[in-house]
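Here is a short briefing on one protein structure. Keep the sequence and the 3D view open as you read.

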Amino acid sequence: MYLVNRLVIKIRLPNGRIIEGEKGKRILDVIGYNIGLVARYNCKLVDLSTIMDDEGEIEILDFNDADGKYVFWHTAAHILAHAVKELYPDYKLGIGHPTENGFFYEFYTFEKPFTSEDLSRIEEKMQEIISKNYPIKRIMLSRDKAIELFKNRGEDFKVELLNEMSEEEVSIYEQGSFRDLCRGPHLSSTSIVKHIKLLSVSSTYWKGIEGNPSMQRIYGVAFPEKKMLDDYLKMLEEAKKRDHRFLGPKLEIFDLFEEVAGPGLVYWLPKGALMRRLIEDFLVKIHLKNGYQLVYTPHIARIKLYEISGHIKYYKENMFMFDIENNKYAIKPMNCPGHILIYKSRKRSYKELPLRFFELGTVYRNEKSGVLHGSLRVRGFTQDDGHIFCTPEQLESEILNLIDLTTKIMNAFNFKFSAKLSIRDPMNKEKYMGNDEDWEKAEKALARALELRKIPYTVEEGEAAFYGPKIDIFMTDVLGRKWQLTTIQLDFNLPRRFKAMYVDKDNTEKYTVMIHRAIIGSIERFFGILIEHFGGDFPLWLAPTQAVVLPISESILDYARQIYRKLMDNDVRVELDDRPLTLNKRIRDAELKKIPYVLVVGEREKQSGKIAVRKRKEGNLGTMSIDDFIEIIKKSYPKIE
RNA sequence: GCCGCCGUAGCUCAGUGGUAGAGCACGGGCCUCGUAAGCCCGGGGUCGCGGGUUCAAAUCCCGCCGGCGGCUCCA
């Protein structure tokens with residue numbers, strides 16, 4: 001059946017079925033009330049109550065779709081705001097959004113905090129709003145009408161937002177007596193948000209600007225099914241067990257001793273110190289193999305150095321300073337100025353570029369107390385810091401090499417990654433230093449390297465530093481919070497400040513191009529991510545203890561000692577557990593300590609000259625010769641290439 | 001730094017005005033064991049620190065130190 005003159009509107013349902021739309025009708029009327037949350041109409045997200053009047057395709061999204069989930073949480077945020085306004089009519093609405101794992105809404109509460117009892121009340125009220133099944137309507141108003149509406153309702157913050165908007169017409173969403181300024185889209189009814197849980201309250205400044213009114217922000221989660229909410233809450237509980245702040249001290253990796261030693265300073269316990277050394281050795285070797293030269297720079301310097309670099313001007317707040325014989329000194333917050341001094345130790349020719357310096361450089365920064373977080377954000381940390389000095393022509397191949405080096409290093413830890421490319425704000429080019437041509441070349445070089453190596457990335461306009469564009473790589477912690485590890489930053493600024501030059505072919509002096517780069521970022525932060533990523537079950541090459549020998553009884557101790565000795569002699573990190581405890585108890589201890597292999601030896605093994613091997617989490621693998629076992633350990637180390 | 005919450009044994013926590021408790025861990029003894037907790041006994045705390053209220057403070061109030069969740073900032 002072909003109707004040539006009819007509008008063709010195809011609707012794809014979440015289950016993949018395709019049905020036909022009908023001009024003039026609401027999407028909702030065609031698909032029914034129990035299907036989907038929101039629609040993507042010719043690539044644009046719209047309410048299900050949208051009237052179909054354009055030809056094209058409509059995709060109905062459910063909670064499994066990222067956008068569907070986002071809208072679900074957006075409506076949950078509105079229900080939160082609705083509940084708060086019903087319980088506390090005087091409180092003023094701020095803003096509310098979905099987030100990556102839930103939603104929030106913030107309110108001006110006349111400096112009164114929400115208590116946990118308040119949260120329970122609000123949660124109950126939200127359930128009531130959900131059960132009342134209010135239809136959610138989108139209303140278009142002129143901006144002036146909207147200002148009038150919110151002024152009458154005492155919503156000063158909404159009025160402020162409206163006054164800053166340029167649109168002549170704005171959308172308002174309505175559910176029951178509640179109205180909010182919102183672009184939408186939203187679910188079609190409050191009853192679709194089934195199960196909610198408010199998680200925490202915190203305060204923020206209005207628009208995030210210090211000095212603005214203090215808002216109370218409530219965070220929550222919501223799900224269409226009870227089981228999903230239960231699973232999520234259970235996942236939060238499980239996450240606590242992987243938290244590096246819990247596992248770090250427990251696995252004897254690090255501790256902070258905050259109360260006596262001060263916050264944000266990491267003490268490396270023996271097992272952690274061993275792992276750190278393994279990682280440092282790996283990093284040094286792989287950098288040497290990739291054309292870097294090792295350097296060391298002192299931990300303190302006269303502030304003159306940081307006046308030249310500009311750190312005193314732009315970074316003073318974060319620097320620890322003190323006096324020596326009437327001269328002002330600072331503890332180094334960054335390694336770059338030192339590396340530039342080394343570059344400038346003599347006149348450089350284009351023939352010796354690129355020069356690549358590498359240092360495991362320990363720096364100290366006076367981070368505000370409120371931002372410190374386990375070993376992920378600290379005041380003293382060691383960066384795998386490198387600086388590349390090259391000519392503009394070499395930029396592209398240097399960046400490509402850096403992407404490759406990053407991949408090699410991340411592979412050693414089984415880390416997958418995607419990148420963020422930060423470029424200039426094209427509207428505000430004058431904010432940045434350096435000339436247009438350099439910037440374009442640099443931004444292109446960064447993007448091309450990512451594309452050539454097929455690294456997925458996002459582009460962030462206006463996120464570049466004033467001195468150059470950059471590539472950053474983030475990892476998420478156990479609660480989904482993002483932490484920056486890798487950074488590759490181009491710098492047009494420091495070479496000029498320090499007059500870091502090279503003599504080119506034509507015998508003229510030119511400014512060198514400088515790349516700042518840290519691959520794992522900092523050892524402390526990297527360990528936080530590493531611990532949470534593996535939940536303490538480190539890969540074999542990193543495990544501080546790779547195997548423990550368990551003699552079944554005292555009578556077999558001699559054979560156990562022989563095995564232990566042989567493994568030691570072959571560089572296996574092995575322990576002998578000859579405590580007079582039951583075998584089961586000692587196996588349990590080894591599992592809890594997350595030791596990868598347990599080697600049980602008894603009369604049977606002594607007779608055959610072998611070992612019984614038990615693998616962490618997998619159980620008994622049966623017997624094996626000692627040489628075969630040594631081979632397994634040896635093969636676990638990452639290749640350095 | 002800001003706002004809220006929190007701080008009891010090495011760890012996880014119970015105890016809300018009347019002389020500090022449990023489990024795990026630790027020490028001792030018995031047990032000599034075949035793939036995740038054998039049994040018994042014991043030591044251990046100026047209840048974060050300082051001040052105040054009270055006949056009496058882990059408990060109530062104030063200040064400080066530290067932690068947690070966010071905001072802002074960052075590797």
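In which helix does Lys158 lie? Lys158 lies in helix 5, which covers residues 156–164. Keep in mind that this is a predicted model. The points below start with Lys158 and then turn to the sheet.

**Lys158 and its surroundings**
- Lys158 has a relative accessibility of 3%. Buried means under 20%, so Lys158 counts as buried.
- The side chain of Lys158 makes a polar contact with the side chain of Asp180, at 2.8 Å.
- Lys158 also touches Leu93, Gly94 and Ile95, among others. Its contacts further include Tyr105, Phe150 and Leu181. Residues up to four places away in sequence are not counted here.

**The sheet**
- Five strands make up an open sheet. Their order is 2-1-5-3-4, and the pairing is mixed.
- Strand 2 (18–20) and strand 4 (44–46) stand at the edges. Each has a single partner strand, so one side of each lacks a neighbour in the sheet.
- From one strand to the next, the twist averages 30°.

**Strands 3 and 5**
- Strand 3 spans residues 38–41, and strand 5 spans residues 56–61.
- These two strands pair in the antiparallel sense, over four bridges.
- Which residue of strand 5 is the bridge partner of Val38? The partner is Leu61.

**A helix across the sheet**
- Helix 2, residues 66–87, lies across strand 3, strand 4 and strand 5.
- Helix 2 runs at about 130° to strand 3.

Definitions and conventions:
Residues numbered from 1 in each chain as written. Chains lettered and ligands numbered in written order. Predicted model: local features only at pLDDT ≥ 70, side-chain atom pairs only at ≥ 80, totals over all residues. Heavy atoms only, no water. Pairing = 2+ DSSP bridges. Axes fitted to C-alpha atoms, helices over the stretch in contact; angles between N-to-C directions. Contact = heavy atoms within 4.5 Å. Buried < 20%, exposed > 50% of the residue type's maximum accessible area, 1.4 Å probe, protein only. Polar contact = N/O pair within 3.5 Å; in protein donor to acceptor, adjacent residues only side chain to side chain.
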